[in-house]
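Here are a few exercises to work through with the model open beside you. Try each task before you read its solution.

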Amino acid sequence: MRVYNLVFYLLEPNQLKKLFGYIQHPSFDIAADAADAFKDLLTRHKSTVSESLSKNYCWFFTEMNEKLLKSENYITRRQAVKLLGCILLDRSNSCVMTRYVSSKDNLIILMNLLRDQSKNIQIDAFHVFKLFVANENKPPEIVSILVTNRSKLLRLLSAFVYTDDEVFETDKIQVVNKLAVLELQD
């Protein structure tokens, strides 16, 4: 019970705000240690994390998006998009994932990360982006953005070459096929 209380305490916005600050610290050692602690905090004790993310969804993902995913620092962006994928793909966070992939602001951030100069960030961003495309209950604004940007997205995705990973290639084909047939809803 004590570990649960400690984890829940550390997941409170006032405590996480400090961790977000440390992740952006100019000292690499401090930033790296903070990022590791952040990852451990968010990938263990799954039910507690899920409950906390649901409770503090707006605050947490605003911070995550603005401070980490939009960071100028390559390492911060890379670790953040990789962690975001871990969080959203974890079954215990399915409600959080559904909410995340229903947001046009989140979609725009991920589409921009797909265009990052770094191939690694592009690939990690793809693993989150595919959730938006795979969502069977896409809100109309998500569909509209995807359809409006379809030709750019298809061109971008066709340029992704990551032949070492068959799963990635299979996922890419599925995303391309879903995008190709996506239609605006009435």
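**Exercise 1. The fold at a glance**

What pattern does the chain follow, read along the sequence?

Solution. The pattern is α-α-α-α-α-α-α-α-α-α-α-α. Counting up the secondary structure gives 12 helices and 0 strands; helices (H or I, at least four residues) and strands (E, at least two) are DSSP runs, numbered from the N terminus.

Before going on, keep in mind that this is a predicted model, where local features need pLDDT of at least 70, side-chain atom pairs count only at pLDDT 80 or more, and totals for chains, interfaces and linings use all residues. Residues are numbered from 1 along each chain as its sequence is written, and side-chain values use heavy atoms, with hydrogens and water left out.

**Exercise 2. Size check**

Compare the chain's radius of gyration with the value for a compact globule.

Solution. Start with the rule: 2.2 Å times the number of residues to the power 0.38, with the radius taken over C-alpha atoms. For 186 residues, that puts a compact globule near 16 Å, and the chain's 17 Å agrees. Next, look at the box: along the principal axes, the C-alpha atoms fill roughly 50 × 35 × 30 Å. Finally, buried residues (under 20% relative accessible area; exposed is over 50%, partly exposed in between; 1.4 Å probe, protein chains only) make up 47% of the 186 residues.

**Exercise 3. Two helices against the ruler**

Work out how the spans of α3 and α5 sit against expectation, which is 1.5 Å times one less than the number of residues.

Solution. Take α3 (residues 28-43): its 16 residues reach 22 Å from first C-alpha to last, close to the 22 Å expected. Among its buried residues are A31, A34, F38 and L41. Just after α3, H45 takes a positive phi of about 50°.

Now α5 (residues 57-69): a straight helix of 13 residues would span 18 Å, but α5 spans only 16 Å between its end C-alpha atoms. Its buried residues include Y57, F60, F61, E63 and N65. The buried residues of α5 pack (contact: heavy atoms within 4.5 Å) against α2, α3, α4, α6, α7 and α8.

**Exercise 4. A patch on the surface**

Which residues make the nonpolar surface patch of about 280 Å²?

Solution. L6, Y9 and L10 make it. L6 has its place in helix α1 (residues 2-10). At 48% relative accessibility, L6 counts as partly exposed.

Terms used: Patches are made of residues with over 30% relative accessible area and no salt bridge: like charges are joined within 9 Å, nonpolar side chains (Val, Leu, Ile, Met, Phe, Trp, Tyr) within 5 Å. Accessible areas come from the Shrake-Rupley method with a 1.4 Å probe; for residues, only the protein chains shown count as cover. A salt bridge is a side-chain nitrogen of Lys or Arg within 4 Å of a carboxyl oxygen of Asp or Glu. The expected span of a helix is 1.5 Å times one less than its number of residues.
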